[in-house]
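User: I would like to learn how to read ligand surroundings and a nonpolar core from coordinates. Could you take me through a case?

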Amino acid sequence: MSDSNRYTPDPAQMALWPDASGNDINGLNETEFRRPNHVYWGNPDVITFGEVQKWFYTKNNTPELEAGRIARRKVEQIPLAPIASTPVEKSAQDWTDAIKAEATRLGAEDVGVAVMDPDWVYEGWDVPFTSILVMAIAMDYDEMTAAPEPSAGVEVVRQYTRGMDLSKQLASWLRDQGHDAQPEHGPFADGMTMTPPAIAAGLGELGKHGSIINCKLGSCFRLAGVLTNLPLIPDAPDVFGAEDFCATCQVCSKNCPPDAIMLEKQIVRGHRKFYVDFDKCLPFFNEHAGCAICITVCPFSRPGIGDNLIAKLARRASA
Ligand code: SF4
Ligand code: SF4
């Protein structure tokens with residue numbers, strides 16, 4: 001077990017802490033299913049942790065991080081293409097092949113498709129689309145090994161911005177062909193949580209550290225997507241043994257300074273799954289530009305090591 005005494009939250013941040021638990025908002029220990037609530041990276045005037053979220057930006061404001069945010073705002077301001085009046089017609093298979101090829105051409109390192117499930121949509125929101133294409137946007141592993149230094153946060157901002165750019169370009173590509181489409185990208189994903197659709201779309205398994213483990217990128221990536229009403233053909237989840245591997249690995253939990261990574265699966269809104277203690281993680285995350293230690297130390301994220309692990313798991317599965 002890690003030494004939880006090695007980190008003491010900054011009192012300035014804790015003075016802004018709401019009289020609430022993020023774990024309660026997330027539905028930890030709730031046995032009945034309900035839709036998720038928006039707990040973080042939302043409108044700070046609406047979400048419970050809004051004052052703490054504002055503090056993040058006062059704490060993490062190196063010139064490099066600020067430059068990254070300026071670049072992100074420029075991409076945010078690019079308008080989507082209007083929806084062309086004459087829709088291009090193709091079969092579901094042809095559209096699926098075409099949109100995946102376009103996402104790959106634009107630079108996504110992995111792509112998958114899922115049928116939209118209303119269970120992924122935040123309570124009080126509506127996402128009126130039937131399909132989602134999810135993209136994995138790789139982060140540079142060497143840059144991320146600096147985590148939790150701000151330079152790793154700069155790489156996270158850079159890749160979120162690339163994901164936003166790709167998702168907007170892809171949405172415009174569909175709109176140019178006469179089909180409504182909406183970009184979805186972090187960190188401020190509108191209306192829905194991106195992890196469940198990414199798992200459904202075959203981008204990987206949920207790791208003990210609460211992030212997806214992808215068979216090519218480990219956990220060294222961010223998510224972006226595009227919502228559409230085209231009848232795309234969904235992918236199947238990619239179960240390659242990562243979750244089983246987590247059962248006996250504790251690399252992330254031992255390296256988490258606030259000891260936030262729970263060793264056993266928890267019941268969260270009716271589902272049993274790996275879970276990170278939000279109330280323990282967030283203070284450290286906020287003080288360290290988004291932290292990212294857990295996803296960087298995960299052996300699946302290490303180039304060379306992750307590939308070998310996956311080959312070993314595949315051999316074990318076929319033995
Ligand atoms: S982001 Fe940092 S603080 Fe949060 S769970 Fe991962 S290692 Fe722990
Ligand atoms: S570090 Fe180990 S336990 Fe944690 S997510 Fe990665 S494989 Fe799973």
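Analyst: What follows is a reading of two ligand shells and then of a core, in a model that is predicted.

User: Which residues surround ligand 1, and which elements give two or more residues to its shell?

Analyst: A shell can be read first as a list of residues and then by the elements they come from. Ligand 1 is surrounded by H209, C256, P258, A260, I261, V276, C281, F284, F285, C291, I293 and C294. Two or more of these residues come from each of α11 (278-287) and α12 (293-297), and the largest share, 3 residues, belongs to α11. By class, this shell holds 11 nonpolar residues and 1 polar residue, with no charged residues.

User: How many residues of each class are in the shell around ligand 2?

Analyst: There the classes are 8 nonpolar, 3 polar and 1 charged. The residues around ligand 2 are G207, K208, H209, F245, C246, C249, Q250, V251, C252, C298, P299 and F300, and the elements that contribute two or more of them are α9 (242-246) and α10 (251-255).

User: What should I look for in the largest nonpolar core, and which helix gives the most to it?

Analyst: In soluble globular proteins, nonpolar side chains tend to be found buried together. Here the largest nonpolar core has 78 residues, and those with the most contacts inside it are A103, L133, V134, M135, A136 and A292. Helix α7 (residues 150-176) gives the most to this core, namely 10 residues.

User: Which residues does V134 touch, leaving aside those up to four places away in sequence?

Analyst: With those left out, V134 touches G112, A114, M194, P197, A198, A201, L203, L223 and G225.

Note on methods
Residues numbered from 1 in each chain as written. Chains lettered and ligands numbered in written order. Predicted model: local features only at pLDDT ≥ 70, side-chain atom pairs only at ≥ 80, totals over all residues. Near = placed C-beta within 6 Å. Helix = DSSP H or I, 4+ residues; strand = E, 2+ residues; numbered from the N terminus. Nonpolar A, V, L, I, M, F, W, Y, C, P; charged D, E, K, R; others polar. Core = buried A, V, L, I, M, F, W, Y, C linked by C-beta atoms within 7 Å. Buried ≥ 20, exposed ≤ 12 C-beta atoms within 10 Å, placed from the backbone. Contact = placed C-beta atoms within 7 Å.
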